[in-house]
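This report covers the cores, one sheet, two helices and some backbone exceptions of the structure shown below.

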Amino acid sequence: MYSISSLLEKLPVVSHSRMVNRGFGVWIVWAGTLEDSIVRSMRDFGGRMMSEESNQAYWFFFSDDVFRVVSRLEIWARLNPMPVYIQVMPATLLVDYNLGLSLKVDGEFANQETSLPTEFDIHIHPKLADWIKAIAGLELEEVRTPTGISKSGWLSLIPDQSLGYDSLQSWYFILIPVGNPSDKDFIKGWRSFFSEVQVMLQKLGIQYITSEVKVILPIGSFSLLRTFLRELLMLIDRVRTNEQTEEVSYWPSVMALVPQMNMSFNDDILRKVNLDWDKLTPDCPHLRYRDAFLLGDDFAVNEVRFGSDQENVDGWCHVSLKQGVQDSRSSAVSVTISRKVSVGEYEDCFYCGMKNHSPDNCPSRSLSGLDPVVWKQLAAIDGDKFNEGFQSIDLQMQDKEDLVDEFSKILNSSKGYEGVITRALFSINSISQLRTLYMVWRCRGKDWPLGINDQGPEEGELIWSAYEALRNRFYNEAETLIKNAMIRFSRSYQPRALMAFYELENGDPDQALFYWQEAERLCYSPLQQGYFVYLQGRMKEVAGEYGEASDLYRKVHNICPEWLEPQYRRAVCMVKMGFAEQAVTLFQDVIEKDPHYFNRAAIDPELDRGRLTVLQEMGELWAVAESEAKEVASGMDTLSSNIAQWFEEGHEFADEANRFMDRMNKLAKVKNYVAFRQLISGIARLTDEIEKRVEYEIKVINKKLEIYREELLDVQREASWFPFPKLLTEFNSDFNYCADKIYWIKTQQLNAAETFRKTQRYLNRIDDRLKKLRKRLVTLRVVRDSTLFIMLLGRSFVWLEVVFLGLALLCIPLLIYYSNNFHSNFIIDMIIRQKWEFQKGLILILSILALAISAFRAAVVFEKKKRELFLIDDGKDDD
């Protein structure tokens, strides 16, 4: 349970009040995370957060704008359900003598408690019913009091969804220079300073009028008021600082913020404002306490002492920036959209959103394909160059009557900033253009956004001829061909999809919507279905039916959840409805997934109603990204040196990483949100890849060491049998080098860059020396094997030779002895007569025979003996 008492206990105690003002207290309890849009809306409608805890907060409002903001939130909750409980009750603001704020809340509310809500719910105290009845479109109905809530007869708020419930907070800011308008120094100083003010007003998109030297400008919201005062005070501080070193651009002025109070925007405002300008402090914005208290924590409220009316919240004070407040919430990209782009006599073009032409005359009709390069080109431009591009567009179109023709020339031929900006402008709504229909017809993919890139060939002729006829504005021919295709292919979505574009360009949006609904019914993939629902949403959007368009875009998102385009269009619809604060969260979600949408929002002419609010809130994204990018850029030299420390020159990964670092160095010079994000993610990815590569290389090193060790052992085993060890001096030197380096690597910590790099160098040398050892080992093996063979052969030969010699010596005596027992024989007689010559010949023959037999035997037993003697494994030998 969440208790309101814990919030009230955190408020400071005010024993003596300097000012007391009755107003409205708002107790908010939420489940999960409270959307930032709720906080922004409360602040922009004049709310001040008085106390906050986890999942609950207490706000105070001076005016009945509290009912307008909770009504807007109620309407918003119907589009986007959220678990929030809001209770509005009477409350009293207490201001002490140090201008500290506290609250007084009746005892009936002080002990309330509630559990976390499951849906959006608003309870209004019955004492506030008369305030609500005075606001058109708001109704109340009785509800059952939940457990833990005071028994006061709470009422539920029911707003009319068709009404806007805009804030009534609006002011005029008046700036009057001090001095004599006819003085030369006055003229020079004021003109110089006001030129600086004009630049600021143009940046913020604020109109102004001048009466003599007095400047009057309207302020329509608290968000704009905060931004304007912050910019103005920083401008004054800057020109004061530069006064001593540069040409004088400062002139003191008195300034005040007065409620509009139904006053017309003209010179009579000065006469109607009851304020003694001569008593105001120069260069300090003066305003009512009730407005100053709502500016936020960046501003310090200072009292003035020129009257007694300051003792109530409608009295006057002046504000200044608190010490240490920086320009952190200024607009991320100050973009002034060209008037030629944002102003025109037509309704929003279905194809591009501009107002200076009709859909059938849109320059985008000549484009083909979805080209992502245009967003890369825009991302390569500094943010401050966007204005230069728009200014070039205005200059080129000055005094030109045919704006469409000029846009087409810039679109197709210009290579400057204006060309990039123009191509990006016509790519914002590329999904709703004819070129995307052509791609959807040929698409083989099943889902957005990647599926659209899977393109097949054109199939059939009739529908493509109809497409070209429509694209070239041959409407009669196109109509005939499309109708024939609809008859011939009654179950095909293609002719109906094209007929919708035909009806669109002929001014019948209802029929176009009908045919897209028919195409949706006949299509067969999520990509096609999502596309046609998207086109229906776009049609509703340009027709001003933003709620229905938002619902259709949400439906597209459900069909294709990875597709960001409908998310962006839904955010644009919220801005057009006046929910710019709520749209910021959706913009941020889309930008987080694809940074290119930041630049798209910066130049989108359809965001005109809430552009300042969106860019102001997106300024924090810019500031964070820029800060991180600067930090990353400052460490890029270190990262480059780390790459050189870890990897040898010529290493495959080092060369690739150095090329990537060259691209990152170029990116670091671009002041663009996309460049910031790409730099941050790119360096983070490279750092991670370096770590992974080092880990991989260490594993490879360890694996190589095992292989080298085994090879070295084989070399040692083979070389140990070499019969002439004194001849192996150089061989042993290489062997010992490899063994020493392998042992050194094994005993080192490879996670250190110097050791890792030295290890890589040693591994290359070990590999080279092992190659030499393997080559020399071939010679050693030949000598070793030859020696073994000769030894085997010699041993067999000696024994056979002894046996054969013995036989040869016994042959002649035995022959003589046995010849006496036989008759005389010619051959035997001849042998006996030539016994010594015969014996010599017999010895020679037997020696040759012994040698042959020994060689044969040595060849037979050689491999077996070699394995036995050198312990060579059969498996290894076979390998």
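## Nonpolar cores

The largest nonpolar core has 157 residues, and those that touch the most other members are Phe-67, Ile-86, Val-88, Phe-501, Trp-516 and Phe-587. A nonpolar core here is a set of buried Ala, Val, Leu, Ile, Met, Phe, Trp, Tyr and Cys residues joined through side-chain atoms within 4.5 Å. Helix H3 (residues 65–79) supplies the largest share of this core, nine residues. Another core, of 62 residues, lies apart from it and includes Leu-7, Tyr-85, Phe-194 and Leu-224.

The model is predicted: local features need pLDDT of at least 70, side-chain atom pairs count only at pLDDT 80 or more, and totals for chains, interfaces and linings use all residues. Residues are numbered from 1 along each chain as its sequence is written, and side-chain values use heavy atoms, with hydrogens and water left out. Helices (H or I, at least four residues) and strands (E, at least two) are DSSP runs, numbered from the N terminus. Buried means under 20% relative accessible area, exposed over 50%, and partly exposed in between (1.4 Å probe, protein chains only).

Ile-86 is in contact (heavy atoms within 4.5 Å) with Val-26, Trp-27, Ile-28, Val-70, Leu-73, Phe-120, Asp-121, Ile-122 and His-123, leaving aside neighbours within four places in sequence.

## An open sheet

Seven strands make up an open sheet with mixed pairing, in the order E12-E13-E11-E14-E15-E17-E16. Its edge strands, E12 (209–211) and E16 (299–303), each pair on one side only; two strands pair if DSSP finds at least two bridges between them. Direction ignored, neighbouring strands of the sheet are turned by 30° against each other on average, with axes fitted as lines to C-alpha atoms. Strands E11 (residues 171–177) and E13 (residues 214–219) run antiparallel and are joined by five bridges. Ile-174 has Ile-216 in E13 as its bridge partner.

## Helices H20 and H21

Helix H20 (residues 526–542) has 17 residues and reaches 24 Å from its first C-alpha to its last, close to the expected 24 Å at 1.5 Å a residue. That expected span is 1.5 Å times one less than the number of residues. H20 is largely enclosed by the rest of the structure, because 15 of its 17 residues are buried. Gly-544, just after H20, takes a positive phi of about 90°.

Val-556 belongs to helix H21 (residues 546–559) and is buried at 0% relative accessibility. Its C-alpha atom is separated by 5.0 Å from that of Gly-530, 26 residues apart along the chain. Not counting residues up to four places away in sequence, Val-556 touches Gly-530, Val-533, Tyr-534, Trp-563 and Pro-566.

## Backbone exceptions and cysteines

Most residues other than glycine have a negative phi, and most peptide bonds are trans. Two residues with positive phi are tabulated here.

| Residue | Phi | Loop | Relative accessibility |
|---|---|---|---|
| Glu-212 | near 60° | between E12 and E13 | 72%, exposed |
| Arg-473 | about 65° | between H16 and H17 (475–488) | 37%, partly exposed |

The peptide bond from Trp-448 to Pro-449 is cis, with omega near -5°. Pro-449 sits in the loop between helix H15 (434–442) and helix H16 (462–471).

A search of the whole structure finds zero disulfides, a disulfide being a pair of cysteine sulfur atoms within 2.5 Å. Cys-443 is buried at a relative accessible area of 10%, and Cys-523 counts as buried at 13%.

How values were computed
Axes fitted to C-alpha atoms, helices over the stretch in contact; angles between N-to-C directions.
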